[in-house]
Each structure stands twice: as C-alpha cells, then as structure tokens.
Amino acid sequence: MAKEKGLTPQSQDFSEWYLEVIQKAELADYGPVRGTIVVRPYGYALWENIQGVLDRMFKETGHQNAYFPLFIPMSFLKKEAEHVEGFSPELAVVTHAGGEELEEPLAVRPTSETVIGYMWSRWIKSYRDLPQLLNQWGNVVRWEMRTRPFLRTSEFLWQEGHTAHATREEAEEEVRRMLGIYARLAREYAALPVIEGLKTEKEKFAGAVYTTTIEAMMRDGKALQSGTSHYLGENFARAFDIKFQDKDLQVKYVHTTSWGLSWRFIGAIIMTHGDDGGLILPPRLAPIQVVVVPIYREQSREQVLEAAFDLKKRLLQAGLRVHLDDRDQYTPGYKFHEWELKGVPFRIELGPKDLEAGEAVLASRLGGKERISLEVLPALLPEKLDAFHQALYQRALDFQKAHTRKVDTYGEFKEAVQGGFALAFHCGDKACEKAIQEETTATTRCVPFEAEPEEGLCVRCGRPSAYGKRVVFAKAY
C-alpha cells in the first residue's frame, strides 16, 4: 500500500507530482468529458473554506450575492468587440435545444460581463441606483485545449464580482480594494506570498481598460496568476447603453469593474506548499486541522478510543476542525502516511502508554514531534496552528526571494526564467513582448505596485522602459 501511495519526486517531474497528489490525496478525479474534473469531498471542503472566507470579506465591503443565467445570447458577446475576440476560441456554444435549432446560438457562460451589463441597462437610471456591488458564485465554461486539474479545466468554479459606479475614481478604488482582498486571502489564510501589480496591455483581460493581478510562485519556480481585478471603464456601459442621470442632471455612462478568483487558487496552494510527501495545507483553510490517530491493541482498544473521543470533543470545543481516525482496518502507520499525504497540519498520536503518562504525541506536517500534556493540548493547539501558518508563509517567501533575480541582459534573463522570476525592464511594445514569449516561453506577470521607481532599457530590444520600474517575467501555468 505504501508503494501505491508513493509520489513521483518533485525534482524528477513536478507536473507528474502535481497530477498524482491531486488524485492520491483525493482532492479530485478526472470527469468523463475531456477537460472536466470531479471534485471529491476533501477537495470541495477546501474550496468551501476558501469560499467562506471570501464571501465574508465581500459582504463586509458591501457586496451582495446574485445569480445570472448560464446561457448568454451570442449577440451579447458581440457587442464588445475586444471581449468577444478574446473569448471566441474558448466558447462552448449551444445551437440546438428541445429537438430544434435555436434562432440564436447561446454561449455557455465564459464570464458574465455581458449579461450583467444587459440587466444593468434596465436597472440603472439614476445616480441613486449606484453603486451596484454584486458578486456571483457559479461555474463557467472555457473550452481549453490543454487542461490540467484546477489550473485549466473546461468547466470551473469561481466567483465573479461586478460593480457599477458613477465615476472613474470610485471604480478604480473598487479595483484596488478587491485586489487587496485577494492578496489578504492569499497571505493571511493560504500562507501564499503574492506580488500585486498591473498586467501589461498584452496580458490584460479582454475588454478591460486595465487589469490588476496577484501572482504567486510555485515550487518549480513558475508563476501562477491567482486572482484578478479589472477596470472596465465605460466599455461595457457603452456597449449595453448603461446610462444614469447624475446629480447635475447630465446623462452619463457608468464605470464598471469585474474581479474573479477561481479554484485555480487550490492549485496555487498545492504547488506552493506541497512536498514529496504530498500536500501541506495552510491551517486556516485546511478541511482538517488536526487528526487524532489512536494506537491500540485489542486489550487496550476501548480505553484508548474512549480517551480519543474525549480529546476530539475538547478540540472541537476549542474551535478546531478535527477528525478522529478510528478505522480498525488500517494500521497506525498507514494512517500516518495517509494524513501526511493529505496535508493535515497536525497529527495527534495517542496510545496506552501516552494515557498512562497523561500525554499525547503531536506531530507537525512541517516536521518534528513533541509530547504534550492531554490537559493543555486543546488550549495550545490554536497558537501552534498560527505558528504553523507563519512558518509555512515564511518558507514560501524565502523560496520566492531565493528564486527572484534582477537582470539587465537577455542572457541573464533567459537563465533566470528557467527556475524563477526575472525582474527586468521592458519597452511595453506588444510585439517585443510576444517575441520574448516565443523565444523563452516566459511572459510578463505584472508591473509590481510596490517596486521602487527605476529607469532602464528593455531587456530584449534596448528601448527605454515604458513603466519606470522593473517588470516581473516568468514561465507560468
């Protein structure tokens, strides 16, 4: 069984490790249709915890949840030229329903700017109707050619926020506010150090004036876009005639935003923290924070299980997510291996000798064991979970820093992007950016907000930098 549970080492084949850990840790499995996955209960519990944190933060900032149709008339998508051009290759289109050919084909929702724009044109008439602060939890379909569980699938779960404002200033403030929420989720809950920044023109969302992003580094040095927030300006307002009468009695177009985070965030957690033993889950999002594994022989079974159930009860009362693994058909060693694979932050081992001493063995998924009094264990664990989070975050941050280099020549650039982030000057020209991607497979990830102002020459073509600071380049998922 240990061989069956074994994983390909990350250093040998990181992609294969990723695919194996998803299946063997029972996060997800492949669906019957190409590019789809079935999310298993353990994986869905992780998504629910992510969803719960975000939903609370959205509501704290005044947003309300709504739901819009899955099917969108093709004519809606065509109203915003750049938008339809950007999504056309990924669209799934319904042409027949009820045994008949439809008068107008329907796109299966790739994103909801258009249908929400249509509804806003009916709902918004006055400045009194603004701002509109909506969020939708749902699924979308983008017919990806190269799929990978959680990272790129034909159907995926996400949230998409959509807001409408009277002024550009209000809308831009919303863009940064929501990106900040994503960054807070990453750092404070997922233990992911992320870089907040602006996407280049080439990499922005189709139909946006500009796109902001949070970028994380995986343990193979590649980047993963983990959440985006877009300023759409008046683009969709003009396309769908979303106008309002302002306080000055002038009729104006609204300014809109959209922002989204999908279950690829699960992929970020897996690839940022996992090791050759499997997952390592951040405790504030982990479905199970502590697993109790009783160790007994037949003569001590009843005594040990009674103590284990009592301990579980006290851990639950302390507000922890705890699981008692009382399966008789598996050995303690098998259980240890399984819960390490599933990334549970802490394991409590409890046997008859431990009971005699009034102690339990606490094993950390980050390594190390210690004996702790059963009396104080429930009170100590919240503090230990916080320390686990901080250690996990610091480990990821140290890795990111160690694999990030400032480069000034194209030779240095090509070397740096083989295993990390390259900080380089860029001219901003789309053709130059495309050439860099073709020659190195690296792309611009963002222009970091926090980077120091700095002037220099484009790392490839030698023209002056367009951004007044270095740009993050990396190979990416």
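Strands here are DSSP runs of E with at least two residues, numbered from the N terminus, and in that scheme Thr 257 is found in strand 14, which covers residues 255-262. The structure is a predicted model, and this briefing looks at two buried residues, Arg 109 and Thr 257, as well as at strand 9, which is largely enclosed by the rest of the structure. UniProt, in an unreviewed entry, lists residues 13-282 for "domain: Aminoacyl-transfer RNA synthetases class-II family profile".

**The annotated region**
- Over residues 13-282, the range that the UniProt record gives for this domain, the chain is 34% helix and 31% strand.
- The C-alpha atoms at the two ends of residues 13-282 are 24 Å apart.

**Arg 109**
- Arg 109 is found in the loop that runs between strand 6 (100-108) and helix 6 (113-123).
- Because its relative accessible area is 0%, and buried means under 20%, Arg 109 counts as buried.
- The side chain of Arg 109 makes a polar contact of 3.1 Å with the side chain of Tyr 67, and the side chain of Arg 109 also reaches the backbone oxygen of Phe 68 at 2.8 Å.
- Not counting residues up to four places away in sequence, Arg 109 touches a set of residues that includes Pro 69, Leu 70, Ile 72, Gln 136 and Glu 160, along with Tyr 67 and Phe 68.
- Arg 109 and Arg 142 are 33 residues apart in sequence, while their C-alpha atoms are 8.2 Å apart in space.

**Thr 257**
- Thr 257 has a relative accessibility of 1% and is therefore counted as buried.
- The side chain of Thr 257 makes a polar contact with the side chain of Thr 163 at 2.4 Å, and a further polar contact, of 3.4 Å, joins the side chains of Thr 257 and Trp 259.
- With its neighbours within four places in sequence left aside, Thr 257 is in contact with several residues, among them His 162, Thr 163, His 165, Glu 174 and His 230.

**Strand 9 and its partners**
- Strand 9 spans residues 194-198, and because 4 of its 5 residues are buried, this strand is largely enclosed by the rest of the structure.
- Strand 9 pairs in the antiparallel sense with strand 10 (residues 210-217) over 5 bridges, and in that pairing the bridge partner of Glu 196 is Ile 214.
- Strand 9 also pairs in the antiparallel sense with strand 22 (residues 443-448), over 2 bridges, where the bridge partner of Gly 197 is Pro 448.

Conventions
Residues numbered from 1 in each chain as written. Predicted model: local features only at pLDDT ≥ 70, side-chain atom pairs only at ≥ 80, totals over all residues. Heavy atoms only, no water. Buried < 20%, exposed > 50% of the residue type's maximum accessible area, 1.4 Å probe, protein only. Contact = heavy atoms within 4.5 Å. Polar contact = N/O pair within 3.5 Å; in protein donor to acceptor, adjacent residues only side chain to side chain. UniProt positions renumbered as here; feature names shortened; annotations may be inferred. Pairing = 2+ DSSP bridges.
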